[in-house]
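Reader: I'm new to this one and would like a close look at a single part of it. Could you pick a spot, start from one residue there, and then work outward through whatever surrounds it?

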Amino acid sequence: MTAETSQTLDRGLRVLKLLADTDHGLTVTELSVRLGVNRTVVYRLLATLEQHALIRRDLGGRARVGLGVLRLGRQVHPLVREAAMPALRSLAEDIGATAHLTLVDGADALAVAVVEPTWTDYHVAYRAGFRHPLGRGAAGKAILAARQHPMTDPGYLLTHGELEAGACGAAAPLLGVTGVEGSVGVVMLAEAVPERVGPRVVDAAREVAEALR
């Protein structure tokens with residue numbers, strides 16, 4: 001540190017870097033140890049960063065990078081969407097269902113990229129910007145499954161009628177993307193998800209994760 005730099009800002013940036021380097025978040029105690037400061041300082045840093053949506057804290061108190069980080073750079077969000085689009089297009093055309101990339105935004109699942117199939121007579125209308133609680137729908141449940149079992153691959157999650165009557169969904173979490181919690185999935189009008197859809201969604205999630213690394 002020099003006389004021209006801000007110690008508080010430096011610590012805040014170090015918090016963001018530490019959180020960006022972990023997939024599972026850090027507790028106040030863990031941050032305190034890594035920064036070499038007391039817990040009170042960490043609480044103040046997190047409270048300030050949380051006000052600006054740069055970090056978020058889950059029910060267990062672990063801090064994670066927030067989507068406000070993406071909003072800092074106007075080109076970042078389009079780049080995330082652009083990176084995911086080839087895999088989403090392929091998934092939508094292959095399955096004949098609406099494909100989407102969903103990210104965590106606080107307690108919600110937020111669709112940030114959506115691709116509808118071009119050859120079907122009808123499909124579910126699903127728009128970028130659509131949000132719903134993490135505990136409802138395949139997209140959110142896939143994210144929660146990865147969060148709850150961080151050392152294993154949860155595969156895919158299936159749901160029916162949780163967000164729209166008559167619609168079912170399949171989703172798989174993004175794995176191994178530092179600082180990003182999300183999922184890739186499809187939503188379709190059907191009584192049940194065909195057997196081949198789940199594994200295909202898992203493959204698409206892997207493709208998107210590789211594009212975002």
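Author: Happy to. Let's start at Val197: its relative accessible area is 2%, and since the cut-off for buried is under 20%, Val197 counts as buried. Keep in mind that this is a predicted model.

Val197 sits in helix H7. Who does Val197 touch, if you skip its neighbours within four places in sequence? The contacts are Ile95, Ala170, Val186 and Met188. Take Ile95: along the chain it is 102 residues away from Val197, yet their C-alpha atoms are 6.9 Å apart in space.

Now zoom out to the helix. H7 covers residues 197–212 and packs on the sheet, where it touches S3, S7 and S8. Its direction makes about 145° with that of S8.

What does that sheet look like? It's an open sheet of six strands, paired antiparallel, and the order across it is S5-S4-S3-S8-S7-S6. S5 (131–133) and S6 stand at the edges with a single partner strand each, so each of them has one side without a neighbour in the sheet. On average, neighbouring strands are turned by 30° against each other, if you ignore direction.

Let's walk through some of those strands, beginning with S7, which spans residues 167–173. Is it buried or exposed? It's mostly covered, with seven of its seven residues buried. Ala167, Gly169, Ala171 and Pro173 point one way, while Cys168, Ala170 and Ala172 point the other way, and all of them are buried. You've already met Ala170 as one of the contacts of Val197.

S7 pairs with a strand on either side of it in the sheet order. With S8 (residues 182–189) it runs antiparallel, joined by seven bridges, and Ala167 has Leu189 as its bridge partner there. With S6 (residues 157–160) the pairing is antiparallel too, over four bridges, and here Thr159 stands opposite Gly169. S6 and S7 form a hairpin, with six residues between them. In that turn, Gly161 has a positive phi of about 70°.

Going the other way from S8, you reach S3. S3 covers residues 98–105 and pairs with S8 in the antiparallel sense over six bridges. One pair to look for is Thr102 with Ser183 in S8.

There's another helix to find against these strands. H6 (residues 137–148) lies across S3, S4 (108–115), S5, S6, S7 and S8, and it runs at about 30° to S7.

Finally, a quick trip to the start of the chain. Helix H1 takes up residues 7–20. At 1.5 Å a residue its 14 residues should span 20 Å, and the C-alpha atoms at its ends are indeed 20 Å apart. Its buried residues are Gly12, Val15, Leu16 and Leu19. These cover an arc of only 95° around the axis, so they lie on the same side of H1.

Past H1, in the loop before helix H2 (28–35), you'll find Thr22. Thr22 counts as buried because its relative accessibility is 15%. Its side chain reaches the backbone nitrogen of His24 at 3.2 Å. Setting aside residues up to four places away in sequence, Thr22 touches Thr178 and Gly179.

Note on methods:
Residues numbered from 1 in each chain as written. Predicted model: local features only at pLDDT ≥ 70, side-chain atom pairs only at ≥ 80, totals over all residues. Heavy atoms only, no water. Buried < 20%, exposed > 50% of the residue type's maximum accessible area, 1.4 Å probe, protein only. Helix = DSSP H or I, 4+ residues; strand = E, 2+ residues; numbered from the N terminus. Pairing = 2+ DSSP bridges. Expected span 1.5 Å × (residues − 1). Arc of directions from axis to C-beta. Polar contact = N/O pair within 3.5 Å; in protein donor to acceptor, adjacent residues only side chain to side chain. Contact = heavy atoms within 4.5 Å. Axes fitted to C-alpha atoms, helices over the stretch in contact; angles between N-to-C directions.
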